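Biologist: Please take a close look at one part of this model for me, the sheet region and what lies against it, and set out carefully how the pieces are arranged.

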2 protein chains.
Amino acid sequence: MPIDSGLLDDLRAFLPVLGDAAAKESLKYFRQQPDIDNKLDAGFDPVTVADRNAERAIRALIEEHFPDHGIDGEEFAQKPANGPFRWSLDPIDGTRAYIAGLPSWGTLVALLYEDDPILGMIDQPYLGERYIGAPDGTTLNGKPVQTRPLDSLSGAIAMTTDPALFQAGERPRYDRLAETCRLVRYGFDCYAYAVLASGHIDLVIESGLKTHDMLALIPVVRGAGGSATDWSGHPASGEDQILALGNPALLDEAIDLLSA
Amino acid sequence: MPIDSGLLDDLRAFLPVLGDAAAKESLKYFRQQPDIDNKLDAGFDPVTVADRNAERAIRALIEEHFPDHGIDGEEFAQKPANGPFRWSLDPIDGTRAYIAGLPSWGTLVALLYEDDPILGMIDQPYLGERYIGAPDGTTLNGKPVQTRPLDSLSGAIAMTTDPALFQAGERPRYDRLAETCRLVRYGFDCYAYAVLASGHIDLVIESGLKTHDMLALIPVVRGAGGSATDWSGHPASGEDQILALGNPALLDEAIDLLSA
């Protein structure tokens, strides 16, 4: 059942409110050497006061304006939904970049309707770039953006955050795809999907993502004309593998290269 | 022989003039899908009208104001010096990032006095960040910046553009160093040295750099309190290997890890 378009517009208009509230917290501590906690016993998964305060700010606004909506955020306990709507939040996606002073982190917010991500926001307040994706299109700071219609992977610019993150069995599959592309760039976390949606690159491939890392990206990519699937070509499930393409017509070629 | 401080100030004040002229050209084409030429027969080394026009703009200003100075730029023929001063120019370092719409490229300008890089600029006009290094300090948009005094590599944030770029014999040496650090981030080209100089990360390691890629970085890193050497701890020669450290006291520890 599609949701009412007036309600969709209201919900879409709420995303910048959430972005502004999160940005106030994230920018306050960016490049200010906030204390860093490690969420892992073995390994390093950093979290800062900025992650926590930004998520608190978003949650407070949702609870105030949409008390029946569920909330699933990276840093705090899940709030169950009383109805079909649920929010997925990553207050600072790319905390590693954030603590390194690099402006490639972003605030990710997705709104799910019956588990389907219908709205997504990638907000990069240091750059002043806010990408919002919906079924009827994706905007950058309110202006429509579109992916570009590249006609072959051999001319593609591809991105991934870190090839060392792939599982052993995934690496040769990734390598085949990457070697076919014209250029591969690393780093940049969620911002890679933003430059794909605005037509500057052609492909993003990652794995091991959690729901908070991925759900917001899907409406942004699809609304701009791209596709978001797993490595087998099925619609992205919201976690683990993602293959985002600016031109969905290249999906078969990409899936062939990725087949194990 | 140290150069006269009044002359040094005049030359330092000239760097923003060069940065503004280059930025006018680089920003004009950024994210505008300029035509891309490939400088290699095998492989992909992109160059655009923005690289060429930005270098032309810088060269014209140097020739007008300092006709005796030599000019060694990435895109055009060398102009011999009539005296001790020579400029090294990379109008867009990180052209791969530039054509991917990523704001991690930068305009690099170095001034050499008797082959010693005494002034360096890393200019990132999309971010509005201009780093200028000199013997008496490094500034970001005119305000002094300094590296941070991390006391052990085990807490370090390290960066490199792409670990696949290392030579076979270099890779295990790099891996030992990288595994000792707390966190490694990829991508970002010259901008990694900018965040090192401003105290957000602790180490940058690369190899295979050309003179245009490296000379401007050295005064920026050293002026902020860091060290810039090759992988053996000798002062950076201006090409191939570089190891930049925010805290020079960590050099022995890093060199031990890098010893073949």
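Modeller: Strands (DSSP runs of E, at least two residues) and helices (DSSP runs of H or I, at least four residues) are numbered from the N terminus, and two strands count as paired if DSSP finds at least two bridges between them. This is a predicted model, in which local features need pLDDT of at least 70 and side-chain atom pairs count only at pLDDT 80 or more, while totals for chains, interfaces and linings use all residues. Residues are numbered from 1 along each chain as its sequence is written, chains are lettered from A and ligands numbered from 1 in the order in which they are written, and side-chain values use heavy atoms, with hydrogens and water left out.

In chain A, 5 strands make up an open sheet with mixed pairing, in the order E11-E10-E12-E14-E13. Strand E11 (183-186) and strand E13 (227-229) of chain A lie at its edges with a single partner strand each, so one side of each has no neighbour in the sheet. Neighbouring strands are turned against each other by 20 degrees on average, direction ignored; axes are lines fitted to C-alpha atoms, for helices over the stretch in contact, and angles run from 0 to 180 degrees between N-to-C directions. Strand E10 (residues 157-160) of chain A pairs with E11(A) in the parallel sense over 4 bridges, and Met159(A) stands opposite Arg185(A) of E11(A). Helix H8 (residues 251-258) of chain A packs on this sheet, where it touches strand E12 (203-209), E13 and strand E14 (240-245) of chain A, its direction making about 140 degrees with that of E14(A); contact here means heavy atoms within 4.5 Å.

The other side of the picture is chain B. In total, 33 residues of chain A are in contact with 33 residues of chain B, and the two chains bury about 2,900 Å² between them, 62% of it on carbon and sulfur atoms, where buried area is the accessible area (1.4 Å probe) that two parts lose on being put together, summed over both. Between chain A and chain B there are 2 salt bridges, a salt bridge being a side-chain nitrogen of Lys or Arg within 4 Å of a carboxyl oxygen of Asp or Glu. Arg31(A) forms a salt bridge with Glu129(B), with the closest N and O atoms 2.9 Å apart. Helix H3 (95-99), strand E7 (129-134), E10, E11 and helix H5 (191-197) of chain A each supply at least two residues of the side of chain A that touches chain B, so that the sheet strands E10 and E11 of chain A take part in that side as well.

By class, that side of chain A has 18 nonpolar, 7 polar and 8 charged residues, with Ala, Val, Leu, Ile, Met, Phe, Trp, Tyr, Cys and Pro counted as nonpolar, Asp, Glu, Lys and Arg as charged, and the others, Gly among them, as polar.

Chain A also holds an open sheet of 7 strands with mixed pairing, in the order E3-E4-E5-E6-E7-E8-E9, whose edge strands are strand E3 (70-73) and strand E9 (143-145) of chain A.
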